[in-house]
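This briefing walks through one protein model, topic by topic. Please keep the sequence and the structure in view while reading.

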Amino acid sequence: MKQTGRCYCGDLHYEFTGPVHSQILCHCRECRYLSGGSANASIVIAEESFQWTKGEPKTYQRSDLETPRTRFFCENCGTHICVKSPPRPGMLVLKIGSLDEHSWFKPEAAIYCCDKQEFHVIPEGIKVLDKA
Ligand SMILES: [Zn+2]
Ligand SMILES: [Zn+2]
């Protein structure tokens, strides 16, 4: 099924067609910068099933890490769309908030719960992992 999404200002549009490999909530410290404070609600999809259909994203990599993640975001409005993560080659981790339709999201696992905050609520019945 084709899924479409965009950044807040609309300069970036994207779509993907492939299956959703996993659905996660990430509680790590880094994700709190990007999510605004809550766990980061993301899906993992194949990079080859994804394409930008409008605009060119800006990328960011930390220079102090040996294998940094590459973050794709809108340089106009700052919406963070997705991440390429070296531990997941060929995959993209896409934040669900920019998808036009994301009410189907059903997290299967909460990861990096070693960093979880007390105000973070983990849904009942999902896997709870200390790391990834
Ligand atoms: Zn934008
Ligand atoms: Zn995280």
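## Pocket, zinc site, strands and salt bridges

Helix α1 gives the largest share of the lining of the largest pocket, namely four residues. The model is a predicted one, and the points below take up its largest pocket, its zinc ion, the pairing of its strands, its salt bridges and one loop residue.

**The largest pocket**

- The volume of the largest pocket is about 630 Å³, and of the 26 residues that line this pocket, C28, E30, C31, R69 and R71 are the closest to its centre.
- Two or more lining residues come from each of β3 (20-26), α1 (29-35), β4 (40-46), β7 (70-73) and β8 (80-84).
- In character, the residues of this lining divide into 16 nonpolar, five polar and five charged.

**The zinc ion**

- The zinc ion (ligand 2) has as its protein donors the SG atoms of C26, C28 and C31, which lie 2.1 to 2.3 Å from the ion.
- Along the chain, these donors follow the spacing C-x1-C-x2-C, and both C26 and C31 are buried.

**Strands β7, β8 and β9**

- Strands β7 and β8 pair in the antiparallel sense over four bridges, and T70 has K84 in β8 as its bridge partner.
- These two strands, β7 and β8, form a hairpin with six residues between them, and G78 in the turn has a positive phi of about 85 degrees.
- On to the next strand, β8 also pairs in the antiparallel sense with β9 (residues 91-95), over two bridges, and C82 has L94 in β9 as its bridge partner.
- The hairpin of β8 and β9 has six residues between the strands, and G90 in its turn has a positive phi of about 80 degrees.
- Strand β8 is mostly covered, with four of its five residues buried; K84, by contrast, counts as partly exposed because its relative accessibility is 31%.

**Salt bridges**

- The structure holds three salt bridges, and in one of them the side chains of K84 and E47 meet at 3.2 Å, N to O.
- Because K84 lies in strand β8 and E47 in the loop between β4 and β5 (50-54), this pair ties together parts that are 37 residues apart in sequence.
- E47, with a relative accessible area of 31%, is therefore partly exposed.
- Another salt bridge joins the side chains of K2 and E15 at 3.4 Å, N to O; K2 is in the segment before β1 (3-6) and E15 in strand β2 (residues 13-16), so that the pair, 13 residues apart, links distant parts of the chain.- Within that K2 and E15 pair, K2 counts as exposed because its relative accessibility is 51%, whereas E15, at 16%, counts as buried.
- The side chains of R62 and D64 also meet in a salt bridge, at 2.9 Å, N to O.
- In this pair, R62 counts as partly exposed because its relative accessibility is 31%, whereas D64 counts as exposed at 54%.

**A loop residue with positive phi**

- Y112, which lies in the loop between β10 (109-111) and β11 (127-128), has a positive phi of about 50 degrees although it is not a glycine.
- The relative accessibility of Y112 is 25%, and this residue therefore counts as partly exposed.

Conventions
Residues numbered from 1 in each chain as written. Chains lettered and ligands numbered in written order. Predicted model: local features only at pLDDT ≥ 70, side-chain atom pairs only at ≥ 80, totals over all residues. Heavy atoms only, no water. Buried < 20%, exposed > 50% of the residue type's maximum accessible area, 1.4 Å probe, protein only. 1 Å grid on protein atoms, 1.4 Å probe; cavity = no way out; pocket = protein on both sides within 12 Å on 5 of 7 lines; lining within 4 Å. Points joined across faces, edges and corners; volume = space filled by probe spheres on them. Nonpolar A, V, L, I, M, F, W, Y, C, P; charged D, E, K, R; others polar. Donors = N, O, S within 2.8 Å, 3.2 Å for Na, K, Ca; no water. Pairing = 2+ DSSP bridges. Salt bridge = Lys/Arg side-chain N within 4 Å of Asp/Glu carboxyl O.
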